[in-house]
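Good morning. I have one model to show today, and I will talk about a single asparagine and then about the cysteines. Please look at the structure first.

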Amino acid sequence: MTGHYTRDYWQKALDAATLNGRMFIDGKAADAADGTTFVRIRPMDGKPGATFARGKAVDIDRAVASARAAFQSGVWRHKEPVERKRIMLRWAELMREHREELALLETIDVGKPVMASLNVDVVLAANCIQYYGEMCDKLYDEIAPTGPNDRALVRKVPLGVIGAITPWNYPLIIDSWKLGPALAAGNSVVLKPAEQSSLTAIRIAELAHEAGLPAGVFNVVTGYGEEAGQALAKHMDVDMIAFTGSTEVGKLIMGYAAQTNLKRVALELGGKSPLIVFADADLDAAASAAAWGCFYNSGETCHASTRLVAERSIMDQLIRKIEEVTAREITLAHPFEPSAQIGALIEDAHLEKVLAMIEAGEREGSTRAFGAEKVMTETGGSYMSPGVFVAKSNADSLARQEIFGPVLTAIPFDTEEEALAIANDTSYGLAGAVFTTNMGRAHRVSEAIHAGTVWINTYDISSLATPFGGFKQSGFGRDRSVHAIDKYCDYKTIWQRYA
Ligand code: NAP
Ligand code: MG
């Protein structure tokens, strides 16, 4: 399966790579106006990676002005829909043609296994751009019911300039979830990727322009959240912020919008998703789903199944099975190793934060079943083994806080009612799952888990055709599916009277 993709192959590709960390504004590469930069340390080995332009408010001003000018001129939104489709499909194709390059860039930045970047992240991102590209010439407006002498058009119009602020865990995928629908709807975009993960954002902007996207329609400003991100979210000429990241920063973004021009806000935030397992479930299937659902991408997944809500009689057995699946299948290794299923965490500071949360949890009385330790320190990278803790109750901090590392917290229950109470006792509502062979219970519990996505007897299966997003403090607004277009549009009524 991995063929010529050996560790040596990727190391040579890395040695030969030139890393471009310049911003992309108005169709061309740009430095910060004040010339400042910052260096990204590679999580795979702790060595310096790319040097990025440190964009600030003045650079955001420049990018927003370019985006606004492109929008006003109609160079994109008034193009023949079939032509916009052609450009987006070409862009998706270019992403596929540059699959190895994009996979390498993603892995240099974030430390995930390069084979996952290659076979999952790049593929899903290209598919997303294609999915929304295909929509360009298939979106219809409405004619409202009126009397015979009137005609009322209900037009769905683009908002204007969209600011996209994205996190580091799935940079290509999440960037595409914003870019696809925002651009298909006819908007211009200014993207501020996370400071840890800007390489692929810059590269796909170049590829978009190579495909024919006009200058100014898609700009990338690299830099820090408190500088470039805040300036974008506070900008008076930005019509909407599409944000994915922490709940804490999501709340700030809403505040910025309220303090400035009441721009719209869509928020995809954190989670603490429950995976409920009843004693009658297929425990092997449940163990596999729990392990992969929590540990994939080293637990740096917003909808990770981080709470195992298990019927008391089978909890210990289930945890042993999770340990077996993890040891057998979820190989932790250097991201260039073809065998690696998980790689490094995003950076040392994050790893230390995860370890501190674990320590606090243990002091409270949560007990370690296995794993969750700092490993591979000799590499200089930020590695941690997957692990499981057993909480005294759902009140323990390990059962409440989003850890964003490979840490699963098990909580026992005795009745269906109790299982649901635990599952819903969280400030989040992004995802959840139920494992049982009782179909009546599967139906009841899946309806009652208060979350944007609930799986039955599986975890983390999805497609572009299904909306993704959260309830409660996991945010609002949906990425993916035809519905994602709605939040980048507004309704406009044009009423005409005859005679
Ligand atoms: P984060 O700290 O919230 O950052 C997200 C983005 O916001 C980054 O681009 C960041 O820039 C920027 N930012 C930070 N402070 C800002 C401010 N004051 N104003 C404007 N922008 C600001 O999250 P993260 O550390 O990148 O990612 C981890 C978190 O994201 C987790 O909590 C996870 O649950 C959540 N997440 C949710 C989803 C979802 O779909 N629901 C997906 C992925 C991740 P800098 O990093 O450059 O400062
Ligand atoms: Mg950050």
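Start with the side chain of asparagine 219: one of its polar atoms lies 2.9 Å from the backbone oxygen of glycine 216. Before I go on, please note that this is a predicted model.

The side chain of asparagine 219 also reaches a second piece of backbone, the nitrogen of aspartate 26, at 2.8 Å. In the chain, asparagine 219 sits in strand β9, which covers residues 218-220.

Is asparagine 219 buried or exposed? It counts as buried, because its relative accessibility is 0%. What is asparagine 219 in contact with, leaving aside its neighbours within four places in sequence? The list includes Phe24, Ile25 and Asp26, then Ala63, Ser66 and Ala67, and also Val189, Val190 and Leu191. Asp26 is the residue whose backbone nitrogen I mentioned a moment ago.

Now the cysteines. How many disulfides are there? The count comes to zero. Why is cysteine 136 not in a bond? The closest cysteine sulfur belongs to cysteine 489, and it is 11 Å from the sulfur of cysteine 136, so the two are too far apart for a bond. The cut-off for a disulfide is 2.5 Å between the sulfur atoms. Seen from the other end, cysteine 489 is in no disulfide, and its nearest cysteine sulfur is that of cysteine 136.

As for accessibility, cysteine 136 is at 5% and therefore counts as buried. Cysteine 489 is buried too, with a relative accessible area of 9%.

That is what I have for today.

Technical notes. Residues numbered from 1 in each chain as written. Chains lettered and ligands numbered in written order. Predicted model: local features only at pLDDT ≥ 70, side-chain atom pairs only at ≥ 80, totals over all residues. Heavy atoms only, no water. Buried < 20%, exposed > 50% of the residue type's maximum accessible area, 1.4 Å probe, protein only. Helix = DSSP H or I, 4+ residues; strand = E, 2+ residues; numbered from the N terminus. Polar contact = N/O pair within 3.5 Å; in protein donor to acceptor, adjacent residues only side chain to side chain. Contact = heavy atoms within 4.5 Å.
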